[in-house]
Amino acid sequence: MHKISSKSPRPSIQRRNLIGLGMGLGALVGAGGLSSCSLMGSKKPVIGLVLGAGAARGFAHIGVIKALEAQGIRPDIVVGSSAGSVIAALLASGLNGNDMNRLALNLDEATIADWGLPFAGRFGGLIKGDALQNMVNREVQNKTIEQMRIPLGVVATELQSGKGVLFRTGNTGLAVRASCSVPGVFQPAVINGKEYVDGGLVAPVPVSYARQMGATLVIAVNISSEPVHQDASGTFGVLQQTISIMQRSINQYELKSADIVIQPQLRQMSSGEFKSRNAAILAGEVATQEQMALIKEKLRG
């Protein structure tokens, strides 16, 4: 069963532009009750960790989590879009930053890329997504979204309507597959007869969805590429530049509602550069440490 909220808190940013080739490959590899701090009526904030889209740049999310955990900071809610949805699922299932670090460094890209026939089926797409779905389910020990230790939200885009949806129940791997299904790279994921594509089309950094889930203090991780750092030459370059412009436009609005924005310095890393995973993890740690004083201040407040 896949319960999907078809209501989007941001109808003005619904867009259907194609986003970064290979964003689904940036995938590295339940909503149970809120944690005690959100149920006991204390003054402690409900911490929402929001992990954004960015393909291979998504390795930086692991560094962010490691740095937060080193200071004893753990989220009450985690929400992810595209590459960020995979890390969100792993974290929600009970893996810690060091677990994910080891997983990432040992990751063989071939294990998540089950290549289908180009132009097969109605929409084409090179990657079917079965291997990605299976890998995620294996790593979360086949927990459904509602069985997670930390309440999990996975953002995807309904292809027909262009609306953002928030998966709160159901098959975790399938929801992540939907969130990572970049048009033209992944074939659309089909859930309950509807087709879903990449969550980064509507919410590259899904802050508003974390608020929708009840977060009162949002730590957002933005790993989107800046247009100024893109090579806009050639067909692929123009596509990447278009994606970067789209994401920047959405993020300028969405990130305003975050309490903390962590932006790892990944200027030289392209969305398909999986070999730089260690550098990306380190960049996530450094960027989080730079924000740590502010994070602690917000937590005290």
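## A hairpin to start with

Strands β4 and β5 make a hairpin, with five residues between the two. In the turn sits Gly162, whose phi is positive at about 80°. This is a predicted model.

The hairpin strands, β4 (residues 152-158) and β5 (residues 164-167), run antiparallel and are joined by four bridges. Across from Val155 you'll find Leu166 of β5.

## Other partners of β4

β4 also pairs with β3 (residues 77-81), this time in the parallel sense and again over four bridges. Here Val79 has Gly153 of β4 as its bridge partner.

Then there's β7 (residues 194-197), which pairs with β4 in the antiparallel sense over two bridges. Glu158 is matched with Tyr196 of β7 in that pairing.

## Covered on both faces

In a regular strand, side chains alternate between the two faces of the sheet. For β4, both faces are covered: one side has Leu152, Val154, Ala156 and Glu158, the other Gly153, Val155 and Thr157, and all of them are buried. Since seven of the seven residues in β4 are buried, the strand is largely enclosed by the rest of the structure.

## The nonpolar cores

Leu152 turns up again in the largest nonpolar core, a set of 62 residues. Along with Leu49, Val78, Phe167 and Ile219, Leu152 is among those with the most contacts inside this core. Helix α3 (residues 83-93) supplies the largest share, seven residues.

Take Leu49: leaving aside residues up to four places away in sequence, Leu49 touches Ile65, Leu68, Pro75, Ile77, Val78, Val79, Leu91, Ile219 and Val221. There's also a second, separate core of 18 residues, including Val205, Val207, Tyr209 and Met213.

Terms used:
Residues numbered from 1 in each chain as written. Predicted model: local features only at pLDDT ≥ 70, side-chain atom pairs only at ≥ 80, totals over all residues. Heavy atoms only, no water. Buried < 20%, exposed > 50% of the residue type's maximum accessible area, 1.4 Å probe, protein only. Pairing = 2+ DSSP bridges. Core = buried A, V, L, I, M, F, W, Y, C linked by side-chain atoms within 4.5 Å. Contact = heavy atoms within 4.5 Å.
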